[in-house]
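Please open the model in the viewer and follow the stops below in order. Each stop names what to select and then describes what is found there.

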Amino acid sequence: MAKPGKYLKEVVKEGKRVRWPEKDKLWPSIAVVISIAVIVAVFLALWDYLGSSIIDLLTKAFGGM
């Protein structure tokens, strides 16, 4: 089993070899991710509301048989 200290040293070593994106390319990517997350959250909230409304209507229509 690997020692934690050796593992952390290798993680730092790999982190230094990564080519990080430049700021001018990073911000548009962040904006896309956030906007997609907001759109999906709104869609799921509306879908949940619609589903619960349909279940409530069915429960009232059939009187909780």
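Accessible areas come from the Shrake-Rupley method with a 1.4 Å probe, and for residues only the protein chains shown count as cover. Select the whole protein: its accessible surface comes to about 6600 Å², of which 72% belongs to carbon and sulfur atoms. This is a predicted model, in which local features need pLDDT of at least 70 and side-chain atom pairs count only at pLDDT 80 or more, while totals for chains, interfaces and linings use all residues. Residues are numbered from 1 along each chain as its sequence is written, and side-chain values use heavy atoms, with hydrogens and water left out.

Next, display the secondary structure. The protein has two helices and zero strands (DSSP runs, H or I of at least four residues for helices and E of at least two for strands, numbered from the N terminus). Along its principal axes, the C-alpha trace spans about 65 × 40 × 10 Å.

Now select Glu14 and Arg17. Both belong to helix α1 (residues 4–17), three residues apart, about one turn of the helix. They form a salt bridge, with the closest N and O atoms 2.8 Å apart (a side-chain nitrogen of Lys or Arg within 4 Å of a carboxyl oxygen of Asp or Glu). Glu14 is partly exposed at 41% relative accessibility, whereas Arg17 is exposed at 57% (buried is under 20% relative accessible area, exposed over 50%, partly exposed in between, with a 1.4 Å probe and protein chains only).

Finally, select Phe43 in helix α2 (residues 23–62). Phe43 counts as exposed because its relative accessibility is 52%.
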